[in-house]
Amino acid sequence: MALTGLFLCTFLVGHLAGNLQLVFSTGEEGKRAFNEYAYFMAHNPAIKLLSYVTYISILFHIVDGFMLTIQNKKARPVGYAYNKPGANSSMASRNMAVLGTLILVFLATHMANFWWKAKVSEDKFPLHVKEISFQQGNEMTGQVQKQTIKLYLTTAGNYVPVDGFIVKNKTELYEAQLNAQKVDLKMGEGYKDLHSLVFAFFGHDKTKQGFPINDLALAGLIFYVISMLVLGFHLWHGFSSAFQSLGVNHPTYTSWIKKLGYGFAILVPGLFALIPIVIFITK
Ligand code: HEM
């Protein structure tokens, strides 16, 4: 539990750093920067491997947690006659299983809303597609026709209508399209617009009047903020407890590890919660 828990803490730091770009990078450039980052994370082999370690760690952490809770219940099927738990344990430490289960509920919805759409359901996902119109002349008839084609924006910020061919202006675009027709090449793949996905999820419709009580984005915001509170409580005990389980017990260091754990438990979930709050208010 300790090893997987600490590994998941490092995942949280990385995930947070990446997602904070949603708040700090603004405009079209910011959008592209975030999508490029997401593309890199999804395609880099080392990061892919790290992703699998994350999935396995989550699974082990959950299974271990359930088994530990069952063992503890079996070890003392009848409760203490006199029980004053607050005297020597924190509320968080006594409710780790409940907090963990709530985080599991959060993770299930989070994966369904973001991970599934980003990684699995290709078809319904909004790709970063741009439509470009240009004039096309017909040499035989002398007529000029307006053409519109769809292009995928690459991570480098170029439009790719043909595999391996990068377009810099409209003439090249037109030639590329003609070449594509001649040799029947497929359109190159661009990146998925994860930025728009997250903003569509948390951004509330400002055109609606009054308190947005029926706004799904508000429900999403409240759910995320409460889930981050739960995560904070889980980490409040879990962070330093992991070091203790690994045998790190020292008169000086232990008090510092506890302080570090409390800081981590406030800062990381706090900043995670800030992301939907900022998107909800500003979008
Ligand atoms: C507001 C905060 C958050 C946002 C905007 C966010 C956004 C995203 C997005 C867009 C993805 C899919 C793309 C990808 O796989 O990289 C994702 C995946 C994921 N998120 Fe989050 N996330 C947030 C908070 C969290 C928290 C607090 C946790 C854990 C408790 C978490 C756990 C995960 C996991 C495990 C994945 C799958 C990662 C992978 O495939 O490697 N996320 N998140």
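How do the residues of the shell around the ligand divide into nonpolar, polar and charged, and what does each group count? In this predicted model, the shell divides into 14 nonpolar residues, 5 polar residues and no charged ones.

The ligand is surrounded by 19 residues, of which Ser-51, Phe-114, Trp-115, Ala-118 and Ile-275 are the closest. Two or more residues of this shell are given by each of α1 (2-24), α2 (27-43), α3 (45-75), α5 (96-120), α7 (194-202), α8 (216-245) and α9 (253-282), and the largest share, 6 residues, comes from α5.

Apart from the ligand shell, the nonpolar cores can be followed through the helices. The largest nonpolar core has 23 residues, and those with the most contacts inside it are Phe-202, Val-230, Leu-231 and Leu-235. At least two residues of this core are supplied by each of α2, α5, α7, α8 and α9, while the largest share, 10 residues, comes from α8.

Phe-202 offers a way into α7, where it is buried together with Leu-194, His-195 and Val-198. Seen down the axis of α7, the buried residues fall within an arc of 105°, and they therefore line one face of the helix. These buried residues of α7 pack against α1, α2, α5, α8 and α9. For Phe-202 itself, once its neighbours within four places in sequence are left aside, the contacts are with Ala-217, Gly-220, Leu-221, Pro-276, Ile-279 and Phe-280.

Conventions:
Residues numbered from 1 in each chain as written. Predicted model: local features only at pLDDT ≥ 70, side-chain atom pairs only at ≥ 80, totals over all residues. Near = placed C-beta within 6 Å. Helix = DSSP H or I, 4+ residues; strand = E, 2+ residues; numbered from the N terminus. Nonpolar A, V, L, I, M, F, W, Y, C, P; charged D, E, K, R; others polar. Core = buried A, V, L, I, M, F, W, Y, C linked by C-beta atoms within 7 Å. Buried ≥ 20, exposed ≤ 12 C-beta atoms within 10 Å, placed from the backbone. Contact = placed C-beta atoms within 7 Å. Arc of directions from axis to C-beta.
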